[in-house]
Amino acid sequence: MQRIGVFVCWCGSNIAATVDVEAVSEALKSEPGVVFSTNYQYMCSEAGQNMIKDAIKEHNLTGVVICSCSPRMHEATFRKTVQGAGINPYMVEIANIREQCSWIHKDKQTGTEKAIILGKAAIAKVHLNAPLTAGESPVVKRALVIGGGIAGIQTALDIAEAGFDVDIVETKPTIGGKMTQIDKTFPTLDCAACILTPKMVDCAQNEKIHIYSYSEVTAVKGFVGNFTVSIKKKARYVDTTKCTGCGVCTEKCPVKNVPNEFNLGMNNRRAIYIPFAQAVPKVATIDADYCNMLKNGKCGVCSKVCTAGAIDYKQQDEIIEEKYGAIVAATGFNPIKLDNFDEFAYSQSKDVITSLEFERLTNAAGPTSGQLLRPSDGKHPHTIVFVQCVGSRDTSGCGKPYCSKICCMYTAKHAMLTREKYPDTDVYVFYIDVRTPGKNFDEFYRRAVEDYNVHYIKGMVGKVAPRADGTLDVQASDLISNEQLHISADLVVLAAAIEPDKSARPLATMLTASMDTNDFFTEAHAKLRPVESPTAGVFLSGTCQGPKDIPETVSQASAAAAKVIGLLCKDKLTCNPCVAHSDEMLCNGCSSCEKVCPYGAITYSDKEFRMPDRTTAIRRVAAVNEAVCQGCGACTVACPSGAMDLKGFSNKQIMAEVDAICK
Amino acid sequence: MTFSYYPGCTLKTKAKDLDRYGRKAAEALGVTLEELPDWQCCGGTFSMSKDEIASKLSAVRSLASAKDKGNDLVTLCSACHNVLKQTNDAMKNDPDFSAKANNYMKLDVPYNGETNVIHYLEMLRDRVGFDKIAEKVTNPLTGKKIAAYYGCLLLRPGKVMQMDNPENPTIIEDFIRAIGAEPVVYPYRNECCGGYVTMEDKALAKKKSNKVASSAAENGADMIITACPLCLYNLNKNADESDIPVYYFTELLAEALGVKD
Amino acid sequence: MSKVTKEQVLRSSGVNVLKCMRCGKCSATCPSYDEMEYHPHQFVYMVEKGDLEPLLNSDSIYKCLSCYACVERCPRGVEPAKVVEGIRNAVLRQSGMNHIKAENIPDMLDEDLPQQAIVSAFRKYKR
């Protein structure tokens, strides 16, 4: 019989306001095996922990039940506490009477009754707990960063700086991401390329960093410290070891009508291309959808003009496998498609553009060489209307429910730069709220209003009507003057909401990392572990976790790197001892467990067993690799014969909990 | 191909052409339209108030009658289409309303929005197929530049009408191409003509109708087509700043199919 | 006129006015804006505040075309037209508050007017 101590936490008023903690500790006193029961204001505090330690010694406790917050919050804390008093840490059970009880009940009597039941269930389980010892697993001293935008670049540079090898996998032919398309950065108006491209070059030159450009992650196996990742290097039909990036092929290629994605389709590129002058790696890529040679075998111009002999029309996709100790997701964002917002006439007029397109129209390397010209007729626009919150803060089902965070600031930047360079241009910004909480941000926005005379109008645009004379009739609200306005504009710029890159969801599935309903990666803890995924060994960098601007992205990227470095510094990791175990005598060799195991931790082998009457028989049985098993329990549910069980969460323990609840 | 057909009051009086050409064209396309024998006025406009029950019952009666016939219900007038679809949606998705309506009507079997209501244009697009129509056109309207006027009731509210993109529709433009003409896209094709406000505020109806008609004319249209008798009236009578002609789309369809007279 | 309550208007319209984030897109898109004393966003806000009297007494309730433009374009799914209809019905349901009278109809007619307009006007302007 165990000697069990019960410790009920008030959590200040978090629990005590809706649960009568005194009644709970009193009621649980009479449960079988309970020799001590008490309650305290903050069980996780030093005084609370000492109370547990003292009780263990005084009453010779063999098991402990803590009625408190979720085990995700403090299970580790209390395991450490009891270990300090000489009990095996796995002899602790947490009854969650906060998240699953006090926070969701209003009535104190109901809350108290439920807390007692949850406590009884935990006590019933502790009776069947057995001491467990955690094993150890080695750490592969190499990190993988998925996504080569500013987030991935910064994370990789910081990890490499600490002396660890790090690989970047980027789907595009070059690293650099969205920041390469941006002209200037707020609030200091640095040239984006001037501050980004040196970092791209640093990545290329750092011997600790390996860049897999034009590549994708296709499979992830393993667990923290020991991931095995398959990377598909897409055929670019160019031997990157030979290509010198001279660009002759990109000038001679006869296919001239490929929409240039770098300029968002506002001009064309060739079928063989280098995305932009500062691309890293600076090598050419053939676009198989447009290349005549690859489509019908008729051309070969690039091969003829390439003096390095780098063109290889026979190149195939190649899949390689690498081992990593840690993985960082840095998959970034995209502006949403504007199909649901045709009232703004984006699909009907070339002169209605997105803010990212505006960046390209003002960038010296853009389709207009930095001259702000209307896409329709190449003339200077004299009246420009900026529309904020296009698809952001939208709960109608057409857009995104969240604030995209960056639009207020980049619109202020666009408006200000336009007025600076073209003082004869009238600039209107329609806003719902101007949100500028950042260092020097509000000052920046006010400068647009006060020094540059940008017309900020509180209200939304309802309709943009392209007129036959080429102007755009912008019908909008001015809520302060309570008027409906009609502005005859030459150019309308839509601040489209941003959303996670489409690659994030399949990646999350591969990583078994959780996501929110908007497909942003979820943090392990929104406040205290913001750069870690709940999945051990997976870290988050940049906008894949939520909308953020460049300074925030870089901060988070460095924070994620710090977490990765902390992990890679360790030689061994303590494993979770709550792993599956197969009873060979019960195993019928059906392979159900092997099929459902997401970690590949189960193997089958033929084994000799002694049978009655001194005979032997060969039977096929399952065995669990404890270093690989993550204790998810899928196999225990799949096993038809009851051979598979999970240490610390055995079928018996769970049934005992259910019995205690139903009693 | 057989459908139940709900003509509505206006198509029996002031908008006989919309009905007559619609029936002739359907026949030419091999579509049988069976007029619901006991249809009643839809009510003209759908009350947006949840506690308006009685004024929606005549629409429910027609919908329930169509359910007994077992075929999809085709409507032609934009307003009837809007009222029938919204009422049907309320019967399907607003349990409070459907309980009250059923309670009041005392049908043998309660009606819960089972009838599938489609507009004549949806029938052309989704059942007949614009490509099939193009094949049957004997008298293409080649060279005609036609502006589609959707108005408000054909497409909105988009979540209930589920007919086309309410901000950038293509169904009538595709129809115009099918009959051999050239569609003119203009920004006010889905803005209101003023509707019933012509009874009460002529000036407002004129303002709205003129905006639509002049937008179509400015973009080079020879004519406007519509599915709504009230839109046709407003664009003809109240759009006094332009003399662009307005027709029912069924008239042009009948003409293209060679069955106009 | 007897007292009309905010709760009555909310129940009748089925609208949750608290969803409004005050962007004004309804009023930006309203085709009757210039004819209205109170605009769609004001209907939503004034009902939220319980400030119904001005709305109940304003001609604005007869200017809404029920064209659903505000319903379609509202980013929060507020459906302002339903609030306008809620207020108008609260007025029309009071005795003697019909906005048009049957005896005036003949003067409004012309030979082309589709009766759909008459039926709709009765629905919108008369109990």
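# Asking how the labels were earned

Me: How many residue pairs are in polar contact across the interface of chain A and chain B?

Reply: The rule finds 9 residue pairs in polar contact there, both residues of each at pLDDT 80 or more. That confidence condition is applied because this is a predicted model. Strand 24 (461-466) and strand 25 (472-478) of chain A each supply at least two residues of the side of chain A that touches chain B. Strand 24 gives the most to that side, with 3 residues. Sorted by class, the side has 3 nonpolar, 5 polar and 6 charged residues.

Me: What makes B:Glu191 and A:Lys463 a salt bridge?

Reply: Their side chains meet at 2.9 Å, N to O. The cut-off for a Lys or Arg nitrogen and an Asp or Glu carboxyl oxygen is 4 Å, so a value within it earns the name. Between chain A and chain B the count is 2 salt bridges.

Me: How much area do chain A and chain B bury between them, and which three residues of chain A supply the most?

Reply: They bury about 970 Å², with 41% of it on carbon and sulfur atoms. On chain A's side, A:Asp342, A:Lys463 and A:Ala468 supply 41% of the area buried against chain B, more than any other three residues. The contact takes 14 residues from chain A and 11 from chain B.

Me: Now the other pair of chains. How many residues do chain C and chain B bring to their contact?

Reply: Chain C brings 46 residues and chain B brings 45. C:Leu65, C:Tyr68 and C:Gln116 supply 18% of the area that chain C buries against chain B, more than any other three residues. The area buried between the two chains is about 3,900 Å², and carbon and sulfur atoms give 54% of it.

Me: How do you know that B:Glu52 and C:Arg127 form a salt bridge?

Reply: Their side chains come to 3.1 Å, N to O. That is within the 4 Å allowed, so the pair qualifies. Across this interface the rule finds 8 salt bridges, along with 29 residue pairs in polar contact. Several helices of chain C each supply at least two residues to its side of the contact, among them helix 1 (6-13) and helix 6 (80-92). Helix 8 gives the most, with 10 residues.

Me: Why is the link of A:Cys191 and A:Cys194 called a disulfide?

Reply: The two sulfur atoms are 2.4 Å apart. The limit is 2.5 Å, so this pair passes. It is right-handed, with 85 degrees about the S-S bond, and the structure holds 1 disulfide over all chains.

Me: Are the two partners buried or exposed?

Reply: A:Cys191 has a relative accessible area of 26%, so it is partly exposed. A:Cys194 reaches 51% and is therefore exposed, since that label starts over 50%.

Me: Why are B:Cys77 and B:Cys80 not counted as a disulfide?

Reply: B:Cys80 holds the closest cysteine sulfur to that of B:Cys77, but at 3.7 Å it is too far for a bond. The distance has to be within 2.5 Å, so the label does not apply. B:Cys77 counts as buried, at 2% relative accessibility.

Me: And what of A:Cys101, how far is its sulfur from the closest cysteine sulfur?

Reply: The distance is 9.7 Å, to A:Cys67, which is too far for a bond. A:Cys101 is at 0% relative accessibility, so it counts as buried.

Me: What makes C:Thr29 buried?

Reply: Its relative accessible area is 0%, and buried means under 20%, so the label fits. C:Thr29 lies in helix 2 (residues 25-29) of chain C. Leaving aside neighbours within four places in sequence, its contacts include A:Gly462, A:Gln475, B:Glu191 and C:Ala69.

Me: Why is C:Thr29 with C:Arg73 called a polar contact?

Reply: The two side chains make that contact at 2.4 Å. The cut-off for the N or O atoms is 3.5 Å, so the distance meets it.

Me: Why is helix 11 of chain B described as largely enclosed?

Reply: Because 7 of its 8 residues (249-256) are buried, the rest of the structure largely encloses it. The buried ones include B:Phe249, B:Leu252 and B:Ala256. Just after the helix, B:Gly258 takes a positive phi of about 75 degrees.

Key:
Residues numbered from 1 in each chain as written. Chains lettered and ligands numbered in written order. Predicted model: local features only at pLDDT ≥ 70, side-chain atom pairs only at ≥ 80, totals over all residues. Heavy atoms only, no water. Buried < 20%, exposed > 50% of the residue type's maximum accessible area, 1.4 Å probe, protein only. Contact = heavy atoms within 4.5 Å. Buried area = accessible area lost by both parts, 1.4 Å probe. Polar contact = N/O pair within 3.5 Å; in protein donor to acceptor, adjacent residues only side chain to side chain. Helix = DSSP H or I, 4+ residues; strand = E, 2+ residues; numbered from the N terminus. Nonpolar A, V, L, I, M, F, W, Y, C, P; charged D, E, K, R; others polar.
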